[in-house]
Amino acid sequence: MIGYAFMGAAHSHAWRTAPRFFDLPLAPHMTALAGRDPERVAAAATKLGWDSSETDWRRLIERDDIDLIDICVPGNLHAEIAIAALEAGKHVLCEKPLANSVEEAEQMTAAAEAAKAEGVYAMCGFSYRRTPALSLAKRLVDSGALGPIRHVRAQYLQDWLTDENAPLTWRLDKSKSGSGSLGDIGAHIIDAAQWVAGSNVTGVSAMLETFVKERPVGGDFVGLGGHGGTDGPKGPVTVDDAAMFTARFDDGAVGVFEATRFALGRKNAMRVELNGTKASLAFDFEDMNSLWFYDASDEPNAGFRRIQATEPEHPYTGNWWPVGHGLGYEHAFTHQVVDLVGAIASGEQPTPSFADALRVQKVLAAVEASAADESRWTEV
């Protein structure tokens, strides 16, 4: 694995946990962790359960005892690492968004297609797909329970940047992150909406906004943000703080999307709602074990009913706790490992593929282009 911060910790937990709760066809061995600082990466390797550490990611690709590379670094590094790994015959798991540009994502997808012909597979880490309640929503849509979809509504609301003195992290530097709320969290709802609905966004009209133009360069870093000093130097914020767009889908549905890190009181409200001709469903990650479902054939005043997605027949949950004992954020990453390892063992393409992630990247690019052109309608 390359990188050991927020995503690195989540992925490490998943690699450790998956074989202890699921019967995997292959046994993951956590061989080596890479990072730039020798002391910090060595400490992280010990803490997170890795056998050894490296200070150059290229060494991981050169090693014969490594079969898979897990990429958990900022987006500006994804393309170089993923392409090199795939060309060296290593399977790849890459965090989202796939890249910082459509061009990079296309190069990565081409490398993944070439590797697949040799039995080497690549997957992008849109982990919310593996939340049992959202997976259940996908199952219901695929069964025809909603009928044709008319509306898709998706939000991702956080508030960790509302403090104007939160420090300037790499997520606020376009050269590293590619975009702000749009790519960081908007990519998740674009993928989730397209995946659950079973259709793709074909055009958008968008608006981006940066509320705080500069932030302290240093400070106390806590979680994703923290608090910087008010008297020290500041640097420019070069990404969006909020992204909003309307969309059309290839099956005729219309959509509304919103991503922001300035919604006070909303900590991780990743929401998806679909309205069909026969039924509607709604999901909110802040109540992640629940799926809300409305069937038009029910009594007129029945309203939405809550499905607690913890039954053994629901996706993934049968390998965990008794009914009603909910799962958490980390479990989606474990399910991601389970699905990836299973696909590799069976010689099948894991999903989401790099081609799936490229479709998301193209929507991100269309949103940026529309916002830069006075919200003009822009085809994907």
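The legends below accompany close-up views of a predicted model.

**View 1. The mixed sheet and its two edges.** Nine strands would be traced here in the order β17-β16-β15-β14-β6-β13-β12-β7-β18, which together make an open sheet of 9 strands with mixed pairing. The edges are occupied by β17 (305-308) and β18 (378-379), and because each has a single partner strand, one side of each is left without a neighbour in the sheet.

**View 2. Strand β6 between β14 and β13.** On one side, β6 (residues 149-157) runs antiparallel to β14 (residues 269-276), to which it is joined by 8 bridges, and within this pairing R153 has E273 of β14 as its bridge partner. With β13 (residues 254-260), by contrast, β6 pairs in the parallel sense over 7 bridges, and here H151 is matched with V254 of β13.

**View 3. The pairing of β15 with β16.** Strand β15 (residues 279-284) and strand β16 (residues 290-295) run antiparallel and are connected by 4 bridges, with A279 having D295 of β16 as its bridge partner.

**View 4. Helices lying across the sheet strands.** Helix α6 (residues 132-142) lies across β14, β15, β16 and β17, and its direction makes an angle of about 25 degrees with β16. Helix α10 (residues 354-372) lies across β7 (201-209), β12 (242-249) and β18, running at about 50 degrees to β7.

**View 5. The covered, bent helix α8.** Helix α8 (residues 181-197) comprises 17 residues and spans 22 Å from its first C-alpha to its last, which is close to the 24 Å expected at 1.5 Å a residue, although the helix bends by about 40 degrees at A187. The helix is mostly covered, with 17 of its 17 residues buried, and it is followed by G198, whose phi is positive, near 75 degrees.

**View 6. The largest nonpolar core and the surroundings of L274.** This core holds 82 residues, of which F257, M270, L274 and F354 touch the most other members, and its largest share, 10 residues, is contributed by α8. When neighbours within four places in sequence are left aside, the residues in contact with L274 are V141, L146, I149, H151, V152, V196, A197, A279, S280 and L281.

**View 7. A second nonpolar core.** Separate from the largest core is a second one of 26 residues, which includes A10, L33, F333 and V341. As a general background to both of these last views, nonpolar side chains in soluble globular proteins tend to be buried together.

How values were computed. Residues are numbered from 1 along each chain as its sequence is written. This is a predicted model: local features need pLDDT of at least 70, side-chain atom pairs count only at pLDDT 80 or more; totals for chains, interfaces and linings use all residues. Side-chain values use heavy atoms; hydrogens and water are left out. The expected span of a helix is 1.5 Å times one less than its number of residues. The bend at a residue is the angle between axes fitted to the seven residues ending there and the seven starting there. Buried means under 20% relative accessible area, exposed over 50%, partly exposed in between (1.4 Å probe, protein chains only). A nonpolar core is a set of buried Ala, Val, Leu, Ile, Met, Phe, Trp, Tyr and Cys residues joined through side-chain atoms within 4.5 Å. Contact means heavy atoms within 4.5 Å. Two strands pair if DSSP finds at least two bridges between them. Axes are lines fitted to C-alpha atoms, for helices over the stretch in contact, and angles run from 0 to 180 degrees between N-to-C directions.
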